[in-house]
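Load the structure and keep the sequence beside it. The walk below moves from one local feature to the next.

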Amino acid sequence: MEPARLKLYAYLDARDHQRTYLAIMRLFTSTLLADLSAGEVAGALAGAEREGRVEPGESRIENVINRLRQLVEWGNLVQGRREVVASSIAEFQHGSVRYQVSKLAVRVQRDVDELLRVPEGAREVSRELLPAVERGLGALGRSLSEALLSEARRPREVLAEQVTTLFLQHAELAATVRDFYAYLGQVVTRHHLAPEEISGFRNLLVEYIQMVVEDVLRHTPAIADALARLNAARSELLRLLGRADLGERVERARGRSAEDWQELTDWFVDRPGRPSQVTALRDATARAIGSLLASVKRATSGGGLLPSRRAELLKLAAWFDGGTRSEAHELYAAAFGLYSARHLSPAPEHDSDNERTSWRDGPVHDVTVSVRSRGDRGARGRTSKILDDPMTEQSLLAEAREADERRAASVAELAAAAPRLATTELSGEALGVLCELLTLAMAQRDTAADSGSATDPVRGLRVTVANAPGQSTRIHSHAGTLTLHDSTLVLD
């Protein structure tokens, strides 16, 4: 199923006729329930051909039929038929075969058009949605109580409306946060920044990001409390929302499954071994500020690198962008000394280009730091020697063997004490191994009512902890007694 779905993107990176495929898919997704024949598609492509948006000759009916068949093979279009009145066999063939766009292909093209419209700069974070999410959760709790007390239809409709609105607001908030920090990671990792860029990013980090993080941290506790109250009645909430009578394979709106609510909770609330997105946002902000400070230090230190060649390289790139094809070839030869008769660059390990791909359309070559800063292609420094220290090597090997023997003995002690764990006094190292496995088992539990298990990867000892209300498990050792309330522990 997954390879077949990935073929839906094939027309975006087709070797030939890429612009024609894109124009056809935009034609099919520009209206609802598009049902077009090859002749109608050819008529629409004729206008695009006159405007230069597709290659000459692509609007010919035989070429259009080939492109439509290829899109059908990739799964973007599906074929259908209908009765037509035709004056010839060719007209009947061209008019009777109809094409419709598939559901997944609509999503692919919609994402593509949205991506092409996105500007290169930062995306503003929708901070105003945080208080809206907080208020929505509070209103949702009150609507849930009313719906549980009433059998009328209206309270359930209000409940469904609030759930849909809540998840749409959170989806928009999460998308803007991801896009903003993706842009931030792209700019703070650049090795050289112009002085005006450093000033702009400083204001961005010190003022805007601080405001975003403060808003998130201020609203998160109230949102987490509201989610905890709703999660306690999650089963009743999902029952009231019900299932649409559209079959089992229907794609339902967000908020109608337990997985959706768990994903929403994980965005705001930490779990053992699974930090929330709020924690990730705070850590990403700290890393971004550290990267900016390092860039400022490099730019202002007197003993750093020589002045950067980035401005010259950008000027050269602007010449390439503004020149004609023949001027670009001449500029390339003059700037890099690479003519048609010789090529001084070493051959790559794998050349994915074909003989018809020009250098300007080929893969982008990464410019190293030494070239950007000094215009120097030479290697710096010598390869350090590999020191041979047999005494240190043997000492480290002996320490590793001793540590492995101690762990093996601790695991064997735990395995022997498994049938009578409550009455056996464990050694300190055996208790340490047990606590290590117990921590991993606890991390597998989503709630206190779940069970979790962890296994030693080398010797196979498994620790299973399960919920047992009213029971306590005590494990005695030389260092003290470990007590697990409302839980049972099994070693096997």
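Arg 407 and Glu 436 meet through their side chains in a salt bridge, 3.3 Å from N to O. Arg 407 belongs to helix 16 and Glu 436 to helix 17, so the bridge ties together parts that are 29 residues apart in sequence. The model is a predicted one. How accessible are the two partners, Arg 407 and Glu 436? Arg 407 has a relative accessibility of 23% and counts as partly exposed. Glu 436 is also given as partly exposed, with a relative accessible area of 39%. Salt bridges that share partners also occur in this model: Asp 35, Glu 40 and Arg 98 are joined that way into one network.

Stay with helix 17. This helix runs over residues 428-443, 16 residues in total. At 1.5 Å a residue, helix 17 should span 22 Å; its end C-alpha atoms are 23 Å apart, which agrees. Which residues of helix 17 are buried? They are Ala 430, Leu 431, Val 433, Leu 434, Leu 437, Leu 438 and Ala 441. These buried residues cover an arc of only 160 degrees around the axis, which puts them on the same side of helix 17. What covers them? The cover includes helix 16 (390-417), strand 4 (425-426), strand 5 (452-455), strand 6 (462-477) and strand 7. Helix 16 thus appears twice: part of the cover over the buried residues of helix 17, and the home of Arg 407.

Now the other salt bridges. The count comes to 20. One of them joins Glu 55 to Arg 19, with the closest N and O atoms 2.8 Å apart. This pair links distant parts of the chain, 36 residues apart: Glu 55 sits in the loop between helix 3 (38-50) and helix 4, while Arg 19 sits in helix 2. Glu 55 is partly exposed, at a relative accessible area of 44%. Arg 19 is partly exposed as well, at 41% relative accessibility.

Another bridge stays within a single helix. The side chains of Glu 236 and Arg 239 meet at 2.8 Å, N to O. Why are these two separated by about one helical turn? Glu 236 and Arg 239 are three residues apart in helix 10 (residues 234-241), which means a separation of about one helical turn. Glu 236 is partly exposed, with a relative accessible area of 32%. Arg 239 is partly exposed too, at 48% relative accessibility.

Turn to the strands. Strand 3 covers residues 97-101. Four of its five residues are buried, so strand 3 is largely enclosed by the rest of the structure. Strand 3 pairs with strand 1 in the antiparallel sense, over two bridges. Within this pairing, Leu 36 stands opposite Tyr 99 of strand 3.

Next, a polar residue. Is Asn 76 buried or exposed? Asn 76 is buried: its relative accessible area is 0%, and the cut-off for buried is under 20%. Asn 76 is found in the loop between helix 4 (61-74) and strand 2 (77-81). A polar atom of its side chain lies 3.0 Å from the backbone oxygen of Leu 8. Beyond residues up to four places away in sequence, Asn 76 touches Lys 7, Leu 8, Tyr 11, Met 25, Leu 71, Gln 100, Val 101, Ser 102 and Ala 105.

Glu 73 lies in helix 4. Glu 73 counts as exposed, at 54% relative accessibility. The C-alpha atoms of Glu 73 and Leu 8 are separated by 9.5 Å, with their positions 65 residues apart along the chain.

Last, the backbone angles. Most residues other than glycine have a negative phi. Leu 33 is not a glycine, yet its phi is positive, about 55 degrees. Leu 33 lies in the loop between helix 2 (18-29) and strand 1 (36-37). Leu 33 is exposed, with a relative accessible area of 85%. Asp 486 likewise has a positive phi of about 55 degrees without being a glycine. Where does Asp 486 lie? Asp 486 lies in strand 7 (residues 480-491). Asp 486 is partly exposed, at a relative accessible area of 37%. Strand 7 was met before, as part of what covers the buried residues of helix 17.

Conventions:
Residues numbered from 1 in each chain as written. Predicted model: local features only at pLDDT ≥ 70, side-chain atom pairs only at ≥ 80, totals over all residues. Heavy atoms only, no water. Buried < 20%, exposed > 50% of the residue type's maximum accessible area, 1.4 Å probe, protein only. Polar contact = N/O pair within 3.5 Å; in protein donor to acceptor, adjacent residues only side chain to side chain. Contact = heavy atoms within 4.5 Å. Expected span 1.5 Å × (residues − 1). Arc of directions from axis to C-beta. Pairing = 2+ DSSP bridges. Salt bridge = Lys/Arg side-chain N within 4 Å of Asp/Glu carboxyl O.
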